[in-house]
Amino acid sequence: MSEIRPSLLAADFADLAGAVAAAERGGADTLHCDVMDGHFVPNITFGALVVAAVHARTALPLDVHLMVEAPERWLRGFQAAGASVITVHVEATRHPQRALAEIRRLGCRAGLALNPATPPDALDYLWGEFDEVLLMTVNPGFGGQRFLPAVLHKVAAVSAAANKVGFAVSIVVDGGVDEETAPQAAAAGATAFVAGSAVFGAKDPAAAIRKLRAAAQAH
Ligand code: DX5
Ligand code: ZN
């Protein structure tokens, strides 16, 4: 099963409702919301108020990707805004286990994100504490960057490790995912695909979602 998660980062921020409607038409599984604080990454996007406004327009689950320092400060706020999944970066928190446990306590799926150069053994003593691993396939901060093929080895390593330890986790790839790279990531073991430019940069975002799904499933 491949899950397609359009990233609103590449949408027209002045017409988020239009982007949400297009994602629904295309059969998106989840909407990916990129929250950036200007510290953990060199860019600023939006916070819980915008996530709540999107939530009010759709029944689709929202996956909130926190690219912020000390994300534990904001978990409750994003849960209240309607997040179904909250993902924190292992590089951004001193106490990842505590943050993940708090996300679950709030009733959300807990995600742990790894930057491209963070080795997969960052997960070693955290298995069982998260529902999703998000592997960045670009350096976080901006949409429209090129997929880093070196991360494919990490996708395969995480997929193998998940099988070995016996925990069912979603393996999410994020960054530069398109019709060409999605099948490569799927072949390595990715199960969920975040795509910004490939969806909202397309003339017909709904059709782009369907094409991405077909590509991810055809690997
Ligand atoms: C990057 C974000 C991604 C971004 C992907 O820091 O985490 O979710 O939206 O955009 P594309 O698909 O354009 O690489
Ligand atoms: Zn993201």
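## Buried faces on two helices

A residue counts as buried when its relative accessible area is under 20%. With that in mind, let's look at helix 6 in this predicted model. Its buried residues are Thr181, Ala182, Ala185, Ala186 and Ala188. Looking down the axis of helix 6, you would find these buried residues within an arc of 160°, so they line one face of the helix. They pack against helix 5, strand 7, strand 8 (192–195) and helix 8. Just after helix 6 comes Gly189, with a positive phi of about 125°.

Helix 1 (residues 16–25) can be read in a similar way. Here Leu16, Ala19, Val20, Ala22 and Ala23 are buried. Seen along the axis of helix 1, the buried residues fall within an arc of 165°, so they too line one face. A general rule helps here: an α-helix has 3.6 residues a turn, so residues three or four places apart point the same way. The cover over the buried residues of helix 1 includes strand 1 (3–6), strand 2, helix 2 (48–55), helix 7 (197–200) and helix 8 (205–217). Just after helix 1, Gly27 has a positive phi of about 85°.

## Where helices 5 and 6 meet

Now back to helix 6 and one of its partners. The axes of helix 5 (residues 151–165) and helix 6 (residues 181–188) come within 8 Å and cross at roughly 35°. Helix 5 contributes Leu152, Val155, Ala156 and Ser159 to the contact, while helix 6 contributes Gln184, Ala185 and Ala188. Sorted by type, the residues of this contact are 5 nonpolar, 2 polar and no charged.

## The zinc site

Which residues hold the zinc ion (ligand 2)? Its coordination comes from His32 (NE2), Asp34 (OD), His65 (ND1) and Asp174 (OD), at 2.1 to 2.3 Å. Along the chain, these donors follow the spacing H-x1-D-x30-H-x108-D. His32 sits in strand 2 (residues 31–36) and Asp174 in strand 7 (residues 170–174), so this pair ties together parts that are 142 residues apart in sequence. His32 and Asp174 are both buried.

What about the geometry? The 6 donor atoms around the zinc ion (ligand 2) subtend angles of 70 to 172°, which makes the arrangement octahedral. For comparison, the ideal angles for six octahedral donors are 90 or 180 degrees.

## Two buried strand residues

Thr87 belongs to strand 4 (residues 83–89). Is Thr87 buried or exposed? Its relative accessibility is 1%, so Thr87 counts as buried. Apart from neighbours within four places in sequence, Thr87 is in contact with Asp63, Val64, His65, Leu66, Gly111, Leu112, Ala113 and Leu134.

Leu114, in strand 5 (residues 109–114), is buried with a relative accessible area of 0%. Not counting residues up to four places away in sequence, Leu114 touches a set of residues including His89, Val90, Glu91, Pro119, Pro120 and Lys154. The C-alpha atoms of Leu114 and Ala188 are separated by 16 Å, with their positions 74 residues apart along the chain.

## A loop residue to notice

Ala70 lies in the loop between strand 3 (62–67) and helix 3 (75–81). Most residues other than glycine have a negative phi. Ala70 has a positive phi of about 45° although it is not a glycine. With a relative accessible area of 23%, Ala70 is partly exposed.

Key: Residues are numbered from 1 along each chain as its sequence is written. Chains are lettered from A and ligands numbered from 1 in the order in which they are written. This is a predicted model: local features need pLDDT of at least 70, side-chain atom pairs count only at pLDDT 80 or more; totals for chains, interfaces and linings use all residues. Side-chain values use heavy atoms; hydrogens and water are left out. Axes are lines fitted to C-alpha atoms, for helices over the stretch in contact, and angles run from 0 to 180 degrees between N-to-C directions. Helices (H or I, at least four residues) and strands (E, at least two) are DSSP runs, numbered from the N terminus. Contact means heavy atoms within 4.5 Å. Ala, Val, Leu, Ile, Met, Phe, Trp, Tyr, Cys and Pro count as nonpolar, Asp, Glu, Lys and Arg as charged, and the others, Gly among them, as polar. Donors are N, O and S atoms within 2.8 Å of the metal (3.2 Å for Na, K and Ca); water is not among the atoms, so sites may look incomplete. Four donors count as tetrahedral if all angles lie between 85 and 135 degrees; four count as square planar and six as octahedral if opposite donors are over 155 degrees apart and all others between 65 and 115; anything else is irregular. Buried means under 20% relative accessible area, exposed over 50%, partly exposed in between (1.4 Å probe, protein chains only). The arc is that of the directions from the helix axis to the C-beta atoms.
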